[in-house]
Amino acid sequence: MLLAEQRRLLCEYGRRVVGTGLVLGTSGNLSVRVGDLVAVTPAGGALDRLEPESCPVVDIEGHLVDGDLQPSSETPMHLAVYASADVRAVVHTHSTFGTVIATTMTELPPVHYNTLLLGGTVRVADYATYGTPELAANVRAALDGRRAALLANHGGVTVGGDLEAAFEAARLLEWLCEVYIRARSVGEPRVLTEEQLAAVVHRSRNPPRFPRREG
Ligand SMILES: [Zn+2]
């Protein structure tokens, strides 16, 4: 089977996105790229009940190469992301807290330094109908230099060098959105300044070294 290992991974991570509550049933899609081919979850399939052979393979231009089922309706968005960034996996969900931010704000302010793990302040892509080239273009723009973007009134998308990285980015995005929303319920969240974020980057590049005890 073409891209057998990648299609198996789609099944595994399909179960994980549902198991961790990031996806309800069919409300999300995943893909993995290898060269000019992309294995993607099928249209309308529950992500926690996928089989490798139910995940279609398309080429980078969107032609169906292998599989009996149609690819996810958001495949144009996945392909647009692969065309513009050197990434190997894309995760798209309608996770609760991400969708709340995507419905109310134009960006997720950096209130926690782990925002930097996603490349910085997460942008909200302008609204467009799901599955359209317009949405794909808006998401592509919002992802510029980032590992995550939110989709206005829709959900979120994360990318990575493999499915594990894109999945962990999706979990982090949801956690950051939840922290922001819960913080708002207590008071006005303090947003980290450019200077504070730059200091975090400096710190991460210069970790403390602990001298070994003598004797
Ligand atoms: Zn969607």
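Which residues does the UniProt annotation "domain: Class II aldolase/adducin N-terminal" cover? According to that unreviewed entry, residues 8–181; UniProt positions are given in the numbering used here, feature names are shortened, and annotations may be inferred rather than shown by experiment.

Before you start clicking: this is a predicted model, in which local features need pLDDT of at least 70, side-chain atom pairs count only at pLDDT 80 or more, and totals for chains, interfaces and linings use all residues. Residues are numbered from 1 along each chain as its sequence is written, and side-chain values use heavy atoms, with hydrogens and water left out.

**Stop 1: the annotated stretch.** Select residues 8–181 and switch on the cartoon. Over this range the chain is 34% helix and 22% strand, where helices (H or I, at least four residues) and strands (E, at least two) are DSSP runs numbered from the N terminus. The C-alpha atoms at the two ends of the range are 35 Å apart.

**Stop 2: the zinc ion.** Now select the zinc ion and show H92, H94 and H154 as sticks. Each of these histidines gives its NE2 atom as a protein donor, lying 2.0 to 2.1 Å from the zinc ion. Donors are N, O and S atoms within 2.8 Å of the metal (3.2 Å for Na, K and Ca); water is not among the atoms, so sites may look incomplete. Along the sequence, the donor spacing reads H-x1-H-x59-H. Try a surface view here: H92 is buried at 1% relative accessibility, while H94 is partly exposed at 34%. Buried means under 20% relative accessible area, exposed over 50%, and partly exposed in between (1.4 Å probe, protein chains only).

**Stop 3: the loop before β9.** Next, pick N153, in the loop between β8 (148–151) and β9 (155–160). Its phi is near 55 degrees, a positive value in a residue other than glycine. N153 is partly exposed, at 47% relative accessibility.

**Stop 4: the segment before α1.** Go to L3, found in the segment before α1. L3 also has a positive phi, of about 50 degrees, although it is not a glycine. With a relative accessible area of 13%, L3 is buried.

**Stop 5: an aromatic pair.** Finally, select Y13 and F167. The structure holds 1 aromatic pair. The ring centres of Y13 and F167 are 5.5 Å apart and the planes meet at 65 degrees, so the pair is edge-to-face. Rings of Phe, Tyr and Trp (its six-membered ring) pair if their centres lie within 6.5 Å; planes under 30 degrees apart count as stacked, over 60 as edge-to-face and the rest as tilted. The pair links distant parts of the chain, 154 residues apart: Y13 sits in helix α1 (residues 4–19) and F167 in helix α5 (residues 163–186). Y13 is buried at 6% relative accessible area, and F167 is buried at 1%.
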